[in-house]
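Below is a colleague's note on the structure, set out as numbered points. Please read it next to the sequence and the coordinates.

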Amino acid sequence: MQIPTPDGQADALAVHPDNGERHPGVLLYMDAFGVRPVLEEMARKLAGHGYYVLVPNVFYRQGPAPVVELPEHITQEDRPAVFAQVMPLIQAHTAERALRDAGAYLGFLTEQPEVAAGPVAVVGYCMGANVAVRTAAAHPDKVAALAGFHPSPLMNDAPDSPHLLFPEITAKVHLGIAESDMTPEVVGALDKALEAAGVEHTCEIYPGTVHGFTMTDTDAFDAAGLERHWERLLPLLESALGTT
């Protein structure tokens, strides 16, 4: 798919049930390693549960996916070299760019003939969780569910820290956090910030996991963590969007 944006055309993957019906929409934001087969697998699993899933290449300004050539399996030894390539892409994807793109992605998703009328969900992994928070806060009338897994930092001292946007969110929220992502104190502070903002949410550390635990093509993968992720994500989507 090609999604028109204010800055060009974003290439994207779209997966949905092929039954001629309309299905609730899910905007799935990639992790830092980009759109690749493991994300297609995740999108297909969600589609199998009755959703239309759109996975944009958020690094489209630097080229179509794959923007960075990756090993078939990303080992711990590979990570420094891979991150040396992706960090400039991450840094270039500013909050301002993310917000411009979010409106385009949501508009494109909701206009597809296979997508049911009504609100959608946003799901993000790693840096995608940060973008998902910004999307849900900027479009509270369109986003009814928000899930972020092994998120990049959501609470910091910057004036555009994602946690400052929590009061704008009306979606149901689940954050699935790796043990290595944040200290329990930071997780507790996130939980309190969501509660103070009146957001219906769960904020959970997944035991025994490290950052990236949902991604089967990396050494960070944890089978129990991925299964817990599905056990949290699917009921969240069903409660907020239903299925068709």
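1. Helix α4 makes the biggest contribution to the lining of the largest pocket, giving four residues. The model is a predicted one, and the pocket is taken from it as it stands. Its volume is about 310 Å³. Among the 20 lining residues, I90, H93, N130, R134 and S152 are the closest to the centre of the largest pocket. Two or more lining residues come from each of α2 (79-92), α3 (95-111) and α4 (127-138).

2. How do the residues of the lining of the largest pocket divide into nonpolar, polar and charged? Twelve are nonpolar, six are polar and two are charged.

3. The second largest pocket has a volume of about 200 Å³. It is lined by 14 residues, and R36, P37, L70, P71 and D217 are the closest to its centre. By class, this second lining has eight nonpolar residues, one polar residue and five charged residues.

4. Helix α1 covers residues 37-48, twelve residues in total. From its first C-alpha to its last, α1 reaches 16 Å, close to the 16 Å expected at 1.5 Å a residue. The buried residues in α1 are V38, L39, M42, A43, L46 and A47. The cover over these buried residues includes four strands and a helix, namely β2 (8-15), β3 (25-29), β4 (52-56), β5 (120-125) and α6 (223-241). Just after α1, G50 has a positive phi of about 100 degrees.

5. Helix α5 (residues 184-196) can be checked in the same way. At 1.5 Å a residue, its 13 residues should span 18 Å, and its end C-alpha atoms are 18 Å apart, so the two values agree. Which residues of α5 are buried? They are V187, L190 and L194. These residues lie on the same side of α5, because they cover an arc of only 55 degrees around the axis.

6. The buried residues of α5 pack against two strands, β7 (172-178) and β8 (201-206). On the face of α5 turned away from the buried side are the exposed residues E185, K192, E195 and A196. Just after α5, G198 takes a positive phi of about 75 degrees.

7. V82 belongs to helix α2. Its relative accessibility is 3%, under the 20% limit, so V82 counts as buried. Leaving out residues up to four places away in sequence, V82 touches F33, L70 and P71. P71 is eleven residues from V82 along the chain, and the C-alpha atoms of the two are separated by 8.8 Å. L70 and P71 are also among the residues closest to the centre of the second largest pocket.

8. K172 is found in strand β7. Is K172 buried or partly exposed? At 24% relative accessibility, K172 counts as partly exposed, because the value falls between the limits of 20% and 50%. Not counting neighbours within four places in sequence, K172 is in contact with A144, A145, L146, E200, L236, S239 and A240. K172 and A144 are 28 residues apart along the chain, with their C-alpha atoms separated by 6.2 Å.

9. Some backbone values deserve a look before the model is used. The peptide bond from A65 to P66 is cis, with omega near 0 degrees. P66 sits in the loop between β4 and α2.

10. C126 has a positive phi of about 55 degrees, although it is not a glycine. It lies in the loop between β5 and α4. With a relative accessible area of 11%, C126 is buried.

11. What is the phi of H150? It is near 35 degrees, a positive value in a residue other than glycine. H150 is placed in the loop between β6 (143-149) and β7. At 1% relative accessibility, H150 counts as buried.

Methods:
Residues numbered from 1 in each chain as written. Predicted model: local features only at pLDDT ≥ 70, side-chain atom pairs only at ≥ 80, totals over all residues. Heavy atoms only, no water. 1 Å grid on protein atoms, 1.4 Å probe; cavity = no way out; pocket = protein on both sides within 12 Å on 5 of 7 lines; lining within 4 Å. Points joined across faces, edges and corners; volume = space filled by probe spheres on them. Nonpolar A, V, L, I, M, F, W, Y, C, P; charged D, E, K, R; others polar. Expected span 1.5 Å × (residues − 1). Buried < 20%, exposed > 50% of the residue type's maximum accessible area, 1.4 Å probe, protein only. Arc of directions from axis to C-beta. Contact = heavy atoms within 4.5 Å.
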